[in-house]
Every structure is written in structure tokens, then in C-alpha cells.
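Here are a few exercises to work through with the model open in your viewer. Try each task before you read its solution.

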Number of protein chains: 2
Amino acid sequence: MQIGMIDDRIMPLEEVGPEYLDRGMFFGDGVYEVLRSYNGKIFALEEHFARLERSLAAIEITGVNIGEVRSRVLRAFEQARIANAKIYFHITRGSGPRDHLPGKDLQPNFFLTVMELKDNPKLKNEGVSVSTYPDIRWKRCDIKSLNLLANVLAKADSAKKGCWEAIFVNEEGLITEGAGSAFFGIVNGRMRTSPLKENILPSVTRKYVIKAATNIELKVEEESLTTVEARIAAELFLAVTTKDIVPVVKFDGQTIGDGRPGKWTKQLIEEFKKFTGA
Amino acid sequence: MQIGMIDDRIMPLEEVGPEYLDRGMFFGDGVYEVLRSYNGKIFALEEHFARLERSLAAIEITGVNIGEVRSRVLRAFEQARIANAKIYFHITRGSGPRDHLPGKDLQPNFFLTVMELKDNPKLKNEGVSVSTYPDIRWKRCDIKSLNLLANVLAKADSAKKGCWEAIFVNEEGLITEGAGSAFFGIVNGRMRTSPLKENILPSVTRKYVIKAATNIELKVEEESLTTVEARIAAELFLAVTTKDIVPVVKFDGQTIGDGRPGKWTKQLIEEFKKFTGA
């Protein structure tokens, strides 16, 4: 008899629920998005859905009705009635017996949570410390997939060092991005960040940060920083969906500027509020 | 109210079961093993458990009682009463609200299946075709983790080309391994396979193939093949837990040898039977 076992419990394989046979679990064969709302309004919904469609297409998950996903997200957000909410959802290729090669009749699975976001003003006012970690991720980080173990390991390493975020550095000594954020520096009076290639997630917040920079007449250069450049940068900061701009005041133990959020960073934070209404 | 949503169904977040909040799903934060039995006896149990312990240690999943895992595997296999069984199991770091940084009190989750293996003599008698795929995986393929999306994409690509397996090729044009197998060639009368580094899974079957080669006085060289070398190799084959040795007769459309399993490959298959009792 073919069987399944969940923790200590043995059962016939037919009785194992599809939630245990999800390809998201077996292979990380799925994609996700994280959105947030400011004062009851979801920010950048269209951009997140455009990225979702790109991610799904990149790994050829078909049969997802994007309109239905959107209405699910809106319905859940509506019912939650949380003004500043974090909305997470993932879509996996479906459930079935474990086989790398996807079966033909898979139905994608959808899972979502809406949680309350507790904004922490200290983060923005005082900034955070970050530490570097080798960029050991796969080569398609432009796909927002569920393969995130490298990010977990980087974050855990960073926390051990008393830091808030891990910054990935590739074999050429170039900074790609944070484990859960995009990375920016102010160097020679310009804002620098990695160009969007297959090794970088096309961050929605990044796009708005660039827009904010343009608005305040800060020149933008899409060129990765080296770790050496980061250590001596005038300012550093992160972009994260749930927190928009977070100043970085320490990089691998090196104090950045005077150890407080820099003037451009503060201006960008203010400018960003115009987009969010926060 | 914080909420969860599974497909179309909305519920309070507290009512979402731990199976939906598994870090294995959110991040691929877990490891797995696949074992098989030959005629009622599990093959290489100790080696698989040694690798499991290495995988768990590498990603710092603690609190797993290996003795208990072993007794679960044996109990499940016993109850299944399947002579030629495929045993899959994974252990994840645990369930909790989604946060890259693992919480402190996580309890690892365990999931296992025992399924019947249908041995396909045609595979061994006629051999298979393989196609190459860029090795876009992360840099710690020595860890048998649940981050397998690159393998899924490679397998899907291979199937589209009418092939049985995808062979990963890195940026230097070197073959690392198959999407679900170790890769071997007979070149200049020697058996070649990739050396075990962080980009290679320490395959249990590989170890026994090397032992078999030694037994039949076939010299072994642990040096990766280039795709050029593979195309002109005298013989090629794969090693997979569930099928031990599988001859390769076509590599990216190029017929290998005379298009039938080679003499060394056939000898290795015979020699391997001495280990398994098959």
C-alpha cells in the first residue's frame, strides 16, 4: 500500500491532502508578491500585478486568471479592514505526486495573508546596520519565486551580527541587492543602484525611489556599487515594499557619513510620501 | 482582522493551519532525501542519513531527532509492504508567520511518502537521450534543499526536446550534473565525473558507481566533462537513486558511441547489482 506520513501519522497515500503535495513545497515551484496599503489604499497595485504576470510567464505557470487573483486580493484586503496592511500571496503550479516534470492537468494553488503592519519610526529616524553575504542565489533573481533559502541564510547570518538586513555581494565584489530589499548609495552626489538584470529583482519600490530622485533633481546612475564604494559612500539606504525607504547607517561595521540618516535619504523619504499619501 | 485566504476561501488568520504556514513553502527552507528499496531492503540507508545530517547542519535546522526520523522511515516502509519502493521525505524548519528570519521556537515538520517503483527495463536496455541546460542553480547544490525550481525548469525544457534528463552546464562550459542525477562519461578508457564541490550534490549512487568502477578495474577521474568531451565520449550514463545506472545514448542530439548502451556502462550495471542484490 502506498502511504503518506505527516510527522508521526501514517495514512494511505490517497488520504494525503493536496496541501501536502504542493509543488510549492516540493520544489519552490511558485511565485509570490508582497503589497502594502497606506491608510486604507493599496500602493502600486498595478506594478505588483505586472511583475506577478512576468514571474508566472518566466516559469511558465499557465492557467492563472489574473483578474480573479486581483479580485481575491481586493476582497481579502476589503474584509480585513486594516488601514496599514501587508498583503502576501503566492501562486504555485499546483499539487500532485512529486515529479520534477509538471503533470499536465495541474491547477495552480493560491494562498494569501493580510496582516497588520506596525510601522517603526525608529527605523527611519535612526537608520539600520547591514552586513554583507555572498550572493549564492540562483541566476534568475528577476523572478519572484519561492526559492528563497539563500535569502533566509543571509538574513540569519545578518541577525547574528546584530544587523537588520543582509546585502548580497557577488563574486566580482559588486553589491547586487539586499536579501529582502533593493540597495542604494549616494556617491559623488548621485544616487547609485544596480541595473535591472537577471540577477536583480525588479523592485516596485526601487522604481518609485528613482521617480522620487528625479523629482528632487538627484541624478540616478544604474551601476552596482562595490563594497569599497559602499563603505565610503556619503549615504546608503534600502527600499522595501513594507517600509519604503530605510536609511543605512552602518555597513559591515563601518559607520556611514555621520552615523545618521543622510540629507538625500531624508529628502527621498519625504518625496516618497507624496506617492503613498502617508 | 488579520486574515488568511486559501484559493477562494477567506478565514481569520488564526484558523490557517500550520501546513499553510510552512517555511518549506514560503522559502524552500528545508531538506529532503529520496531512498529506494530493492526486494524489500532499503539501499544505502546509512549514507542517505549521513547526507541528511549534513544538509540539516548546513542550513542550521536544529532540533531534529535523527534517530526518530530513521524509525519513522523504517516504520513507514514496513507498513507499506512494497518490495521495490521509493521513499521520499522532507524536513522543514517549521511553521510560523512568514518572516525570512526564522523564529526561535520552530518545530521542524516532517513529511514522507512511500510509493511503488515501477522499474522500466527499457531505460537500461536502450538508454535515454539528454539535453543540456544552463546551470542557473544556487551555489550550494551540495545541500539537498527544497529550492529546486531551476531543476524543474531544466526538466521541463528537456521534456520539450523529447529528452529524459537535463544536464546542467556552467558558465565555463563544464558539465556539473543532471537535474535529478549524477553524470558520467567514459573518456580515454577512464570514467569521468565532476568532483564533489559546493556546486554538486554528493550523490549516494555516485559513490557506489565509483566503487563498482574500482571493482571492475575501470580508472576513475573526478574532473568535470566539457560539453565537447561529452559529445565525443565513448559512453555516457547517469546515476539516480531510484534507477541506479541509466545509459545515455544521445547528448544534445548527438548519438553517443553506436547509439546503444556501452560496454563499460553495461558492466557497471551488472556490478552495481552486487550492491543492491537486484
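**Exercise 1. The pocket**

Keep in mind that this is a predicted model. Find the volume of the second largest pocket, then work out which residues sit closest to its centre and how the lining divides by residue class.

Solution. Step one: the second largest pocket comes out at about 910 Å³. Step two: 36 residues line this pocket, and those closest to its centre are A:K139, A:E171, B:K139, B:E171 and B:E172. Step three: sort the lining by class, and you get 15 charged, 11 nonpolar and 10 polar residues.

**Exercise 2. The contact between the chains**

Work out how many residues each chain puts into the contact and how much area is buried.

Solution. Start with the residue count: chain A gives 72 residues and chain B gives 72 residues. Next, the area: about 6,200 Å² is buried between chain A and chain B, with 62% of it coming from carbon and sulfur atoms. Finally, look for the top contributors on chain A: A:M5, A:M25 and A:L149 supply 12% of what chain A buries against chain B, more than any other three residues.

**Exercise 3. A sheet built from both chains**

Trace the strand order of the open sheet that holds strand 2 of chain A, and say which strands stand at the edges and why one side of each is left without a neighbour.

Solution. Walk across the sheet: its 6 strands follow the order 2(A)-1(A)-6(B)-5(B)-3(B)-4(B), with antiparallel pairing. The edges belong to strand 2 (9-12) of chain A and strand 4 (41-42) of chain B; each has a single partner strand, so one side of each has no neighbour in the sheet. Now for the link between the chains: strand 1 (residues 3-6) of chain A and strand 6 (residues 109-116) of chain B run antiparallel and are joined by 4 bridges. Within that pairing, A:G4 stands opposite B:T113. Last, add the helix: helix 2 (residues 45-58) of chain B packs on the sheet, touching strand 3 (30-38), strand 4 and strand 5 (85-92) of chain B, and its direction makes about 175 degrees with that of strand 3 of chain B.

**Exercise 4. The other mixed sheet**

Do the tracing again for the sheet in the order 4(A)-3(A)-5(A)-6(A)-1(B)-2(B), and find what packs on it.

Solution. This open sheet has 6 strands with antiparallel pairing. Strand 4 (41-42) of chain A and strand 2 (9-12) of chain B stand at the edges. Inside the sheet, strand 3 (residues 30-38) and strand 5 (residues 85-92) of chain A pair over 7 bridges, and A:G30 stands opposite A:T92. Helix 2 of chain A packs on the sheet, touching strand 3, strand 4 and strand 5 of chain A. Helix 3 of chain A lies across strands of both chains, including strand 1 (3-6) and strand 2 of chain B, and runs at about 30 degrees to strand 6 of chain A.

**Exercise 5. One loop residue**

Where is A:V64 placed, and which residues beyond its neighbours within four places in sequence is A:V64 in contact with?

Solution. First place A:V64: look in the loop between helix 2 (45-58) and helix 3 (66-80) of chain A. Then list the contacts: A:L56, A:V69, A:I91 and A:P108. As a distance check, the C-alpha atoms of A:V64 and A:E53 are 9.2 Å apart, with the two residues 11 residues apart along the chain.

Technical notes. Residues are numbered from 1 along each chain as its sequence is written. Chains are lettered from A and ligands numbered from 1 in the order in which they are written. This is a predicted model: local features need pLDDT of at least 70, side-chain atom pairs count only at pLDDT 80 or more; totals for chains, interfaces and linings use all residues. Side-chain values use heavy atoms; hydrogens and water are left out. Two strands pair if DSSP finds at least two bridges between them. Helices (H or I, at least four residues) and strands (E, at least two) are DSSP runs, numbered from the N terminus. Contact means heavy atoms within 4.5 Å. Axes are lines fitted to C-alpha atoms, for helices over the stretch in contact, and angles run from 0 to 180 degrees between N-to-C directions. On a 1 Å grid over the protein atoms alone, a cavity is a set of points where a 1.4 Å probe fits but cannot get out, and a pocket is an open set with protein on both sides within 12 Å along at least five of seven lines; lining residues have an atom within 4 Å of a point. Grid points are joined across faces, edges and corners, and a volume is the space filled by probe spheres set on the points. Ala, Val, Leu, Ile, Met, Phe, Trp, Tyr, Cys and Pro count as nonpolar, Asp, Glu, Lys and Arg as charged, and the others, Gly among them, as polar. Buried area is the accessible area (1.4 Å probe) that two parts lose on being put together, summed over both.
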